[in-house]
Amino acid sequence: SSLASGSIRAACLGILATLCQNNPAVQMMMLEQGNIPKLIQIYFDQFSTSTSSADGEDSSSAITSKAMQAMSSSVRNHDVAEKIFCMNDDGIKMVETGLGMYSSSSLSIPPPSAALRRRALFFLQALITSDTADGDRVRLFKAAIQFVAGRYLDLNTGIDGAMVENDSQTREMGLSMITRILDQKNSVDALTEKGVHSFLVSLGVRRVSNMRSILDVDEKEMVAEELKLWEEVMSRLSKAQ
């Protein structure tokens, strides 16, 4: 049935992601077989489909999330695959839609699931902070970087008119990405533009103040990593302009 095929496709994409991860030989084979346009098509095809499985999960949402994971695993840390992916406009749009950038546009793209958002963010960070990334690549993803800076670092954010919670893992990943961009200095324009820079400083002051004021020992321990990352970001932002 179509419901079964949706769950099977999601499972197959998950297996593909596992096979490709940190495996240059499989990554090259996938590249030679034309995996990048195929996975992009699988991903975008799901936006015109919405079917629910028996447990209520949207199988289209599961497929988009697993397609992002498979793409990320087949491209990440492979110099040639990264370069080819970044030359594909639809590939860039795949990352952007995974983050939630077009959810309020006329493209009829639904808000991404939490799993898709995390996988798109992880993939974005890998692409723009890899050893072979340069200023041109970072600038390709300028809009995505600024979207993360504006929507992924606070406790909650608005996507498609709805408030979405950013869990600690998502916030820390976003902060880690920003720190690495500022450290590598390939291109920091996305973060030093006046509006973005002032927003980050304002948010950082508030978040650092809130976290430092926590008295409960367990809660303080839970936010320790995020506080450390925010302090690193604030230090780097002060030197970036």
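**Figure 1. Helices and strands across the whole chain.** The protein chain has 14 helices and two strands. Keep in mind that this is a predicted model. Of the 241 residues in the chain, 44% are buried. The chain exposes about 11800 Å², and 54% of that area comes from carbon and sulfur atoms. How do contacts spread along the sequence? Take the contacts between residues at least 6 apart in sequence: 68% of them join residues at least 24 apart.

**Figure 2. A salt bridge between helices H10 and H14.** Look for Arg-171 and Glu-226, which form a salt bridge whose closest N and O atoms are 2.9 Å apart. Arg-171 sits in helix H10 (residues 168-184) and Glu-226 in helix H14 (residues 224-240), so this pair ties together parts that are 55 residues apart in sequence. Are these two residues buried or exposed? Arg-171 counts as buried because its relative accessibility is 9%, under the 20% cut-off. Glu-226 is buried too, with a relative accessibility of 1%. The pair also belongs to a network of salt bridges that links Arg-171, Arg-207 and Glu-226. Searching the whole structure turns up eleven salt bridges.

**Figure 3. A salt bridge between helices H12 and H14.** Here the side chains of Glu-231 and Arg-212 meet in a salt bridge, with 2.9 Å from N to O. Glu-231 is in helix H14 and Arg-212 is in helix H12 (residues 194-212), so the pair ties together parts that are 19 residues apart in sequence. How accessible is each partner? Glu-231 is partly exposed, with a relative accessible area of 35%. Arg-212 counts as exposed because its relative accessibility is 52%, over the 50% cut-off.

**Figure 4. A salt bridge inside helix H14.** This time, both partners come from one helix: Glu-232 and Lys-228 lie in H14, four residues apart, which is about one turn of the helix. Their side chains meet in a salt bridge, 3.2 Å from N to O. Glu-232 is partly exposed, with a relative accessible area of 22%. Lys-228 is also partly exposed, and its relative accessible area is 41%.

**Figure 5. Helices H3 and H6 crossing.** Two packed helices are described by the angle between their axes and the distance between the axes. What are those values for H3 (residues 35-45) and H6 (residues 89-99)? Their axes come within 10 Å and cross at roughly 40°. That angle makes H3 oblique to H6. The crossing of H3 and H6 is left-handed. To find where the two helices meet, start on H3 with Leu-39, Ile-40, Tyr-43 and Phe-44. Across from them on H6 are Asp-90, Gly-91, Lys-93, Met-94, Thr-97 and Gly-98.

**Figure 6. Two asparagines with positive phi.** Most residues other than glycine have a negative phi. Asn-22 is not a glycine, yet its phi is positive, at about 55°. Where is Asn-22? You'll find Asn-22 in the loop between H1 and helix H2 (24-32). Asn-22 is exposed, with a relative accessible area of 57%. Now move along to Asn-77, which also has a positive phi, near 65°. Asn-77 is in the loop between helix H4 (59-75) and helix H5 (79-86). Asn-77 counts as exposed, at 56% relative accessibility.

**Figure 7. Ser-65 in helix H4.** Ser-65 lies in helix H4. Is Ser-65 buried or exposed? Ser-65 is buried, because its relative accessible area of 4% is under the 20% cut-off. Which residues does Ser-65 contact, leaving aside its neighbours within four places in sequence? Ala-115, Leu-116 and Arg-119 are in contact with Ser-65.

**Figure 8. Cys-12 and Lys-66.** Cys-12 has its place in helix H1 (residues 2-20). Cys-12 is partly exposed, with a relative accessible area of 46%. Now look for Lys-66, 54 residues away from Cys-12 along the chain. In space, the C-alpha atoms of Cys-12 and Lys-66 are separated by 8.7 Å.

Methods:
Residues numbered from 1 in each chain as written. Predicted model: local features only at pLDDT ≥ 70, side-chain atom pairs only at ≥ 80, totals over all residues. Heavy atoms only, no water. Salt bridge = Lys/Arg side-chain N within 4 Å of Asp/Glu carboxyl O. Buried < 20%, exposed > 50% of the residue type's maximum accessible area, 1.4 Å probe, protein only. Contact = heavy atoms within 4.5 Å. Areas by Shrake-Rupley, 256 points an atom, 1.4 Å probe, with all protein chains shown as cover. Axes fitted to C-alpha atoms, helices over the stretch in contact; angles between N-to-C directions. Parallel < 35°, antiparallel > 145°, perpendicular 65-115°, else oblique. Left-handed = near helix turned anticlockwise from the far one by under 90°.
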